[in-house]
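Here's a quick walk through one protein model, for anyone who likes to see how helices sit against each other. Have a look at the fold before reading on.

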Amino acid sequence: DEDDEENNNKSGFQMEHLETNGDSHSQQKSNILEKIMKILHSCTNRQLVLLIPLFIANGLDNSFMWGDYTYYVVREYLGFSNIGFVMVGYGALSAAGAIALGKVSDLVGRTVVIFGGFLVHVLCCVCIMAFKLDSNSHVFIFSIAAIWGFGDAIWNAILSALLSACFKAQTEMAFAHYKMFQSLGVFVGFSLSKSLSLNSKLAMLIISFCIGILCFFIDTWRFGLDRRNRLMT
């Protein structure tokens, strides 16, 4: 009898534990679906939608530097052993740029700084396309990586600051959009890694940067995205 009672207690505890876990999983699924629906609903916000091309361009830019540039440029002309050194320069300028650009954007405005990032990346793409690379192109390859890192500091730091300042009532949704479409750009960039030539990828990057900055200017013009006093509706 005591054994039967003990088994019944264990069975009851296990059933209760399973029910609790089931409720917990159901609640988690419900929360995830709710967040997805909020993200999709916020796509009706034209201020945020106009920034999506810039987010995708940012993802394509990251996939190019970490994938194509290291493989098709650094590995091809400097050797596999130099990839780490080149990316150290990229990371150092990216970190230094993020620190410096905060004060610069306060003085000249985020729009000017973001346009500067656009120019940096487009000029780097054009230089890579025009320059005849060989095994003696150490300075050029290191310089492009470092300058590209400075441009990435603009995209990553200033875009984050812009979203925090301009979408105070929807900060979570704004950053969800940013990371989702940035990740989409990374996915597309790596997916096309083997099917496009280096120059084709650079041309795709230039086009994506142009579309992104154009939409950003439209956003700024129509909604006053870079003004100090903003009102979210």
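What follows goes from the whole chain to two helix pairs and then to a few single residues.

**The whole chain**

Keep in mind that this is a predicted model. How many helices and strands does the protein have? The count is eight helices and zero strands, and going along the sequence the pattern simply reads α-α-α-α-α-α-α-α. The chain has 233 residues, and 40% of them count as buried. As for the outside, the protein exposes about 13,200 Å², with carbon and sulfur atoms supplying 63% of that area. Sequence separation is worth a glance too: take the contacts between residues at least 6 apart in sequence, and 82% of them join residues at least 24 apart.

**Two helix pairs**

Helix 6 turns up in both of the pairs picked out here. Two packed helices are described by the angle between their axes and the distance between the axes, so here are those values, along with the handedness of each crossing.

| Helix pair | Angle between axes | Distance between axes | Crossing |
|---|---|---|---|
| Helix 5 and helix 6 | about 150° | 9 Å | left-handed |
| Helix 6 and helix 7 | about 150° | 9 Å | right-handed |

Let's start with helix 5 (residues 110-130), which packs against helix 6 at about 150°. Angles over 145 degrees count as roughly antiparallel, and therefore helix 5 and helix 6 get that label. Helix 5 and helix 6 cross in a left-handed way. The residues of this contact split into 19 nonpolar, four polar and two charged.

Now for the other side of the story: helix 6 (residues 138-166) also packs against helix 7 (residues 171-191), again at about 150° and with the axes 9 Å apart. That angle makes helix 6 roughly antiparallel to helix 7. Here the crossing is right-handed. Which residues make the contact? From helix 6 come Trp155, Asn156, Leu159, Ser160, Leu163 and Ser164, while helix 7 brings Thr171, Ala174, Phe175, Tyr178 and Gln182. By type, the contact of helix 6 with helix 7 has six nonpolar residues, five polar ones and no charged ones.

**Zooming in on single residues**

Serine 160 is a handy place to look at that second contact, since this residue lies in helix 6 and is one of those touching helix 7. Is serine 160 buried or partly exposed? Its relative accessibility is 22%, so serine 160 counts as partly exposed; the cut-off for buried is under 20%. Leaving out neighbours within four places in sequence, serine 160 is in contact with Trp155, Phe175 and Tyr178. Take the second of these: serine 160 and phenylalanine 175 are 15 residues apart in sequence, with their C-alpha atoms 7.8 Å apart.

Alanine 174, another member of the helix 6 and helix 7 contact, leads to leucine 48. From C-alpha to C-alpha, leucine 48 and alanine 174 are 7.0 Å apart in space, yet 126 residues apart in sequence. Leucine 48 belongs to helix 2 (residues 46-49) and counts as buried, at 2% relative accessibility.

Last stop is serine 208, found in helix 8 (residues 198-223). With a relative accessible area of 11%, serine 208 is buried. What does serine 208 touch, once residues up to four places away in sequence are set aside? The answer is Pro53, Ala57 and Leu60.

Notes: Residues numbered from 1 in each chain as written. Predicted model: local features only at pLDDT ≥ 70, side-chain atom pairs only at ≥ 80, totals over all residues. Heavy atoms only, no water. Axes fitted to C-alpha atoms, helices over the stretch in contact; angles between N-to-C directions. Helix = DSSP H or I, 4+ residues; strand = E, 2+ residues; numbered from the N terminus. Parallel < 35°, antiparallel > 145°, perpendicular 65-115°, else oblique. Left-handed = near helix turned anticlockwise from the far one by under 90°. Contact = heavy atoms within 4.5 Å. Nonpolar A, V, L, I, M, F, W, Y, C, P; charged D, E, K, R; others polar. Buried < 20%, exposed > 50% of the residue type's maximum accessible area, 1.4 Å probe, protein only. Areas by Shrake-Rupley, 256 points an atom, 1.4 Å probe, with all protein chains shown as cover.
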